Each structure stands twice: as structure tokens, then as C-alpha cells.
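Trainee: I have a chain open on my screen and would like to talk through its fold with you.
Mentor: Happy to help; let us look at it together.

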Amino acid sequence: MKKLLATLAFSLTLTPLTSIASAPSTISSDEVSKTNPIVEKFSQLGLVVKDIKPSPILGLKELITDKGVMYASDSGQYLLQGTLIDIENRENLTEKALNGVRKEGVAKYADSMIVYKAPEEKHQITVFTDITCGYCRKLHRELEDYLDAGITVRYMAFPRGGVRSEGYTDLMNVWCADDQLKAMTDAKSGTDVADVQSCTAPVAEHYQLGQSFGINGTPAIIFDDGTLIPGYQPAAALKQRLEQMN
């Protein structure tokens, strides 16, 4: 869903500064799943609401959905999709909300990643990757540069064509291979990966998780604090950025 209703956007431009205020406390998970009208409204759009929190704008809720962070009126009648900026503090509040979601989500799937560990690990990154993506292949060709820089690379699957694509099947075969590291390298060099029958791997779950993180392309790099770096970054630049964060 690339474009959603944004009726509330115009009304927000007319909202006086006095309307910026603390909203009620976060709605419990039981309310999210059973009683909140926002959930029903969003389900009609094919969106799953996982959490509802107050936003800094009175009457506007911050929603964590399976397609990222969105905002809605209390009744769920109005939906706003976009980035909420705190101008005074120079802070992207939408990205800040997503950072926490990414950090928790990545931790949940740590055991299902394909990991290339740096011999002298100083940092680690999680990379949502596809097989045919050109910059994914470039990053993988330069894998030794990352490892030499002390950066462990942990791969999660993100088939850009969705779960019915050939890319999805390729990623399933990589994740189900006896030697995942070799299979990933072979696949990204253009070598066919052997089909694995009756294969079970969390590729669909990785893909859905990536969508909830706001990812729509690969490679997508996530730091330990949940920060998202969209696109390829050379090892030297990535190392510098990681060290500046510490």
C-alpha cells in the first residue's frame, strides 16, 4: 500500500500550538486487540495495529502497525501517514518510534540470521538482503572489508518481489542449505542454489518484519540501537558512523 488516506494532514496544519499536549497513557495490548475502534478501521485497509500510543499532538495517536508507524484520530476515522518532526528539538519522532520496534524485532529473530562474524568484532549490523539486488551483491563482494573493520554482518531475508516471487524461493533455499554461508555467497555471485525440498525457514517472517520496520528496498542496514541506514554503505564509512555513535 503505497498511498493511504491523509485527510488529517490539512487539519493538522491549522492546529494551534496550544493543542500540543500530553495525551492519555499508552493503550494496553488487550484494548488494541479487542476494543479500540482504530483497530477495526485499520483492519478494513488490511493493516494490523500492534500498539497504540499517545502522540505529542492532542487527538492524534501514534500507531505501530505491520507496515510501520502511522497516526490516527481517536476514533480511527482519519489516518495520517508520514513523518512527524519535533522542530524545536530537531528530532524525527516517527523514526525514533521505529528505532525501538526495530531493536526488539531484530532481537527476536537473532537465532535465524545468517551471520558472518568478524574475527575481532567491534560492531555488528543487521542487513535485510535479497539475492538479485545489485547493491546487496556489492556489499557481499566487499564482505571481507566489513569483517576486517571489526563489523559482524548478520543477514535477514527480504525478497523484494514478495513471498510469491522467485527471489523468495531463492532465499528459502539459502536459508535451508546445509552450509548457509556458502549458499549465500554462491547465490549472490549468480550461482544456482540447490533446491531444498520440504524446507522450513522464516523468510516470510523476516519479510513481514522488515515491512513493519518501514523497509521497502535492499540492502537495509540496522544498527544495534535500531537506527536504519537505507542502501549500501562502504565498510570505512559504516565503521566511522558506528564509532561516532559510541
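Trainee: How many helices and strands does the secondary structure of the chain come to?
Mentor: Helices (H or I, at least four residues) and strands (E, at least two) are DSSP runs, numbered from the N terminus. This is a predicted model, in which local features need pLDDT of at least 70 and side-chain atom pairs count only at pLDDT 80 or more, while totals for chains, interfaces and linings use all residues. Residues are numbered from 1 along each chain as its sequence is written, and side-chain values use heavy atoms, with hydrogens and water left out. On that footing, the chain comes to 10 helices and 11 strands.

Trainee: What percentage of the residues in the chain is buried?
Mentor: Buried means under 20% relative accessible area, exposed over 50%, and partly exposed in between (1.4 Å probe, protein chains only). The chain has 246 residues, and the buried share is 46%.

Trainee: What is the strand order of the open sheet of five strands?
Mentor: Two strands pair if DSSP finds at least two bridges between them. The pairing in this open sheet is mixed. Strand S7 (114-116) and strand S11 (228-230) each have a single partner strand, so they stand at the edges with one side left without a neighbour in the sheet. The order is S7-S9-S8-S10-S11.

Trainee: Which residue is the bridge partner of His123 in S9?
Mentor: Strand S8 (residues 123-129) and strand S9 (residues 151-157) run parallel and are joined by seven bridges. In S9, His123 has as its bridge partner Ile151.

Trainee: Which strands does helix H8 touch as it packs on the sheet?
Mentor: Contact means heavy atoms within 4.5 Å. Axes are lines fitted to C-alpha atoms, for helices over the stretch in contact, and angles run from 0 to 180 degrees between N-to-C directions. Helix H8 (residues 180-188) has a direction at about 90 degrees to that of S7. The strands that H8 touches are S7, S8 and S9.

Trainee: Which residues touch the most other members of the largest nonpolar core?
Mentor: A nonpolar core is a set of buried Ala, Val, Leu, Ile, Met, Phe, Trp, Tyr and Cys residues joined through side-chain atoms within 4.5 Å. The largest one has 36 residues. Helix H7 (166-176) is among the elements that give two or more residues to this core, and H7 gives the most, with six. The members touching the most others are Ile125, Tyr155 and Trp175.

Trainee: How many residues are in the second, separate core?
Mentor: Its members include Tyr71, Leu93, Val101 and Val106. The number of residues in this second core is 24.

Trainee: How many residues of strand S2 are buried?
Mentor: Strand S2 (residues 60-65) is covered on both faces. Leu60, Glu62 and Ile64 are buried on one side, and Lys61, Leu63 and Thr65 on the other. The count is six of six.

Trainee: Which residue of S2 is the bridge partner of Ile52?
Mentor: Strand S1 (residues 49-54) pairs with S2 in the antiparallel sense over five bridges. Their hairpin has five residues between the strands, and Gly59 takes a positive phi near 85 degrees there. The partner of Ile52 in S2 is Leu63.

Trainee: Which residue of S3 is the bridge partner of Glu62?
Mentor: S2 and strand S3 (residues 68-73) run antiparallel, joined by six bridges. A hairpin of two residues connects S2 to S3. In S3, the bridge partner of Glu62 is Tyr71.
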